[in-house]
Amino acid sequence: MKIFASYSIKGGVGKTSLSVNLAYAFRCAGLQTLLVDLDPQGAATFYFRVGSAEKFPLRGEGLSVPDLRNAIRESDYPGLDILPASPSYRKFDIALDGMRKSRKQLRFLMNDLAAEYDAVILDCPPGLTLLAENIFRASDLLLVPVIPTVLSGRTLAQAYAFFSDHELPSEIIRPFFSMVQLTHRMHGDLMAELPGQFPAFLKSAVPHAASVEKMGIHRRPIQAFDPDCPAARAYEALSKEVLALRARA
Amino acid sequence: MGSLWIDVIGPGAMGCRVPVEVESLRGSLPMGFVLKERGSQVFSVEILDTYSWGLWGSGQILFRCNASLTLWSQGNGLVTGQGAAPAEGGFFWWNLRESDFREALGEASGIRKIEPVISLEIDRREFEVSNGEGKVVYRFLLGTLRGKEGSGVGIFQGRPLRGYVQEANLCTKALETLCSEETPQNLLEGLLADAGITPHSAGKRPKPEIDPGLPSAEALCRVVRPALELAWGNESGIIRDTDTEFLHEYRVGLRRARSALALMSGVYANSEVTLIREQLGRMASATNRLRDFDVHLLERRNYEQAVPSVLSPAVRGLFDGLAAERAAEHARVASALLSESHQRSKTHISGLFLLPGGLPPGEEAEIPVGVAVALRLGRRYRKIRKLAAPLSFDAPESELHALRIQCKKLRYLLEFFFPLVPETSALLERPLRRLQNRLGALNDAAVQREFLLDLSRSRGNELRSDHAVAIGALVGILHTRGAAFRVGALRALEALTTPSLEKAVRRSLARPTNL
């Protein structure tokens with residue numbers, strides 16, 4: 001089992017779109033996939049028409065594996081399950097803080113699912129919290145959507161700095177360009193500049209597209225309702241690139 | 001390997017009424033739930049098995065859809081193996097590509113041909129139920145299986161989605177009206193029955209129920225009747241000629257009936273028994289030549305591999321010729337089996353064993369069978385020991401053959417009347433089987449050798465020179481093989497006739513069970 005996190009310090013960069021469409025693509029590639037919606041907003045859960053999870057008992061000696069398993073829901077697409085968002089996630093950091101080995105709790109939980117899934121995708125909330133550090137320690141790859149803007153570039157640099165300060169393996173960070181509008185000159189300039197600064201950038205880039213916003217209307221992954229649109233093709237290419245990295249790993 | 005159809009009978013499948021009326025279900029679903037048909041497909045599927053239902057007997061059913069085989073476990077409804085096969089007709093397990101699946105088929109089918117038993121049409125319809133959010137919460141399959149006869153059977157397969165237990169319960173309750181308690185296995189059996197097919201009928205060896213106090217005449221009737229049924233049950237298979245085992249079992253049935261009558265001589269009037277045995281003997285010997293051909297042709301692969309490659313074409317040619325002769329011989333046997341006189345003989349003989357009293361009693365008719373069998377077993381075993389004592393490695397084949405016949409008689413006695421002498425049976429079964437296997441192999445080698453020599457003599461100058469060389473090579477191989485079996489047989493004979501075993505057998509026979 002490999003764990004892929006869709007993560008960014010910054011909000012509104014396309015993390016949930018990535019999680020939803022990557023999970024769907026993995027499932028289409030024959031991988032038994034679990035999408036874990038860690039964001040209390042529950043957007044990924046909403047896209048799959050799944051109700052939110054019962055409140056997890058977050059207090060105590062550790063996060064409960066049986067509760068976690070009970071909360072898993074099968075999506076409409078065989079081979080893809082969802083661990084829905086829970087209102088309890090609001091208190092995730094407080095709960096983790098009270099636990100022993102508080103930075104590795106998520107890894108322990110995910111290890112218990114290893115026999116059931118080939119791939120787990122974590123849809124992460126923005127921020128650089130204790131939950132984020134759990135995510136860094138649990139993930140095999142950290143996929144970071146980067147809008148080609150100055151602020152996005154800055155938050156990417158902050159993530160690398162955090163990894164360096166906490167002696168985390170920065171090679172797991174794989175940024176890619178998201179919500180790209182090549183009609184904006186700045187997007188073009190930064191897409192030429194940032195990979196020089198951060199060589200781990202993936203080749204695939206996802207365009208800014210109305211179809212991504214329409215996911216909220218259809219409540220399905222883009223590939224499931226408009227498989228030929230540029231964004232759907234971009235996510236497919238991205239998933240192939242990520243799977244190739246996984247194979248090499 | 002496309003086998004989408006198999007999930008219709010997967011774990012948890014249940015029978016349902018036919019025809020399936022899905023439309024009526026919509027109203028019975030909980031408020032806000034929506035039923036949608038996702039698609040349907042029709043598959044043509046065959047069930048395959050050996051003539052003796054070896055796969056069915058081992059708890060499995062083999063299906064073929066196009067050229068794809070699926071082995072299905074009757075116990076848990078799981079697929080236990082898959083592989084590719086010829087798209088139509090029968091095949092042997094060794095015709096398949098090497099794989100674990102092939103080995104599994106080999107175990108269950110042995111030397112028997114795997115053949116289509118029945119063709120089915122499977123109509124597979126897939127449904128899903130969504131909740132008020134439009135989220136799928138329950139799926140189910142409805143399959144209709146039809147043979148050529150009858151209205152077919154329905155199968156329901158519910159597929160709750162993970163995390164939607166409550167919704168699944170609601171749906172299952174609504175769909176309950178469709179279902180029955182039947183399992184897919186029962187339904188398949190029903191389909192076979194509709195087509196007039198009963199698994200196990202052809203290959204089942206009879207096991208009569210006998211207790212030691214039963215008068216011998218009645219007990220013997222219970223042994224002979226199923227033996228005759230075994231023989232008659234294989235006749236249609238011989239005529240169809242789909243597997244050589246039909247003939248083998250036919251001959252076994254006849255031999256068992258004849259042997260039982262001979263072994264229990266004195267139970268019925270001797271004059272009648274002699275007549276019946278002669279009739280049965282004629283029926284068996286009418287198939288001798290066909291069986292000889294079969295024995296040879298079954299060994300064909302081994303023969304082709306045993307000779308130097310330079311002789312392979314000649315051996316192939318020789319066997320092609322034998323196969324053509326066998327076809328003519330089979331036509332003769334089939335026509336004899338279909339003849340009115342044969343049918344009349346069968347009806348007459350069967351009638352004699354329908355009820356005790358069908359035959360005039362002999363002087364031992366009323367003796368309790370437990371006593372009669374114990375006496376005969378002791379006599380047979382002593383006779384074998386006597387025949388075995390002077391035998392050495394270079395004993396003439398006729399003496400070994402006589403020993404084999406005695407062993408066969410002893411084995412039949414034990415088989416027919418096993419429940420009466422469990423202790424003796426336990427003592428003798430293994431050493432006797434080992435000896436018989438070796439003597440049987442020795443005899444087969446001798447018979448095959450003689451058959452080939454006869455063939456070369458009967459053809460005289462017409463025999464092609466390369467075929468003559470091939471026969472020479474094969475006779476040599478059979479001779480060497482026979483010598484090896486002879487050593488094994490003599491060792492097995494020693495084990496069967498040790499003084500300690502003799503003492504134990506004598507003791508066991510001194511107290512026949514429950515008398």
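1. In this predicted model, Ile3(A) is a buried residue: 24 other C-beta atoms lie within 10 Å, and the cut-off for burial is 20 or more. Ile3(A) belongs to strand 1 of chain A.

2. The contacts of Ile3(A), leaving aside neighbours within four places in sequence, are Met110(A), Val120(A), Leu122(A), Ala138(A), Ser139(A) and Asp140(A). A further C-alpha separation concerns Ala114(A), which is 111 residues from Ile3(A) along the chain and 9.6 Å from Ile3(A) in space.

3. The sheet of chain A is open and has eight strands, with mixed pairing and the order 3-4-2-5-1-6-7-8. Its edges are formed by strand 3 (73–74) and strand 8 (205–207) of chain A; each has a single partner strand, so one side of each is left without a neighbour in the sheet. In general, the strands of a sheet pair through backbone hydrogen bonds, in either a parallel or an antiparallel manner.

4. Within this sheet, strand 2 (residues 33–37) and strand 5 (residues 119–123) of chain A run parallel and are joined by five bridges. At the level of single residues, Val36(A) has Leu122(A) in strand 5 of chain A as its bridge partner. Leu122(A) is also one of the contacts of Ile3(A).

5. Helix 1 (residues 15–28) of chain A lies across several strands, namely strand 1 (2–6), strand 2, strand 4 (80–83), strand 5 and strand 6 (141–146) of chain A. Relative to strand 5 of chain A, helix 1 of chain A runs at about 165 degrees.

6. Turning to chain B, Phe293(B) is located in helix 10 (residues 288–298) of that chain. Is Phe293(B) buried or exposed? Phe293(B) has 21 C-beta neighbours inside 10 Å and therefore counts as buried, given the threshold of 20 or more.

7. Apart from neighbours within four places in sequence, Phe293(B) is in contact with Leu322(B), Glu325(B), Arg326(B) and Glu329(B). For Arg326(B), which is 33 residues away from Phe293(B) along the chain, the C-alpha separation is 5.9 Å.

8. Helix 10 of chain B also packs against helix 16 (residues 422–459) of chain B: the two axes come within 11 Å and cross at roughly 105 degrees. The two helices are therefore roughly perpendicular to each other, since the crossing angle falls in the range 65 to 115 degrees. On the side of helix 10 of chain B the contact involves Asp292(B), Val295(B) and His296(B), which meet Asp444(B), Gln448(B) and Phe451(B) of helix 16 of chain B. By residue class, this contact comprises two nonpolar, two polar and two charged residues.

Terms used
Residues numbered from 1 in each chain as written. Chains lettered and ligands numbered in written order. Predicted model: local features only at pLDDT ≥ 70, side-chain atom pairs only at ≥ 80, totals over all residues. Pairing = 2+ DSSP bridges. Helix = DSSP H or I, 4+ residues; strand = E, 2+ residues; numbered from the N terminus. Contact = placed C-beta atoms within 7 Å. Axes fitted to C-alpha atoms, helices over the stretch in contact; angles between N-to-C directions. Buried ≥ 20, exposed ≤ 12 C-beta atoms within 10 Å, placed from the backbone. Parallel < 35°, antiparallel > 145°, perpendicular 65-115°, else oblique. Nonpolar A, V, L, I, M, F, W, Y, C, P; charged D, E, K, R; others polar.
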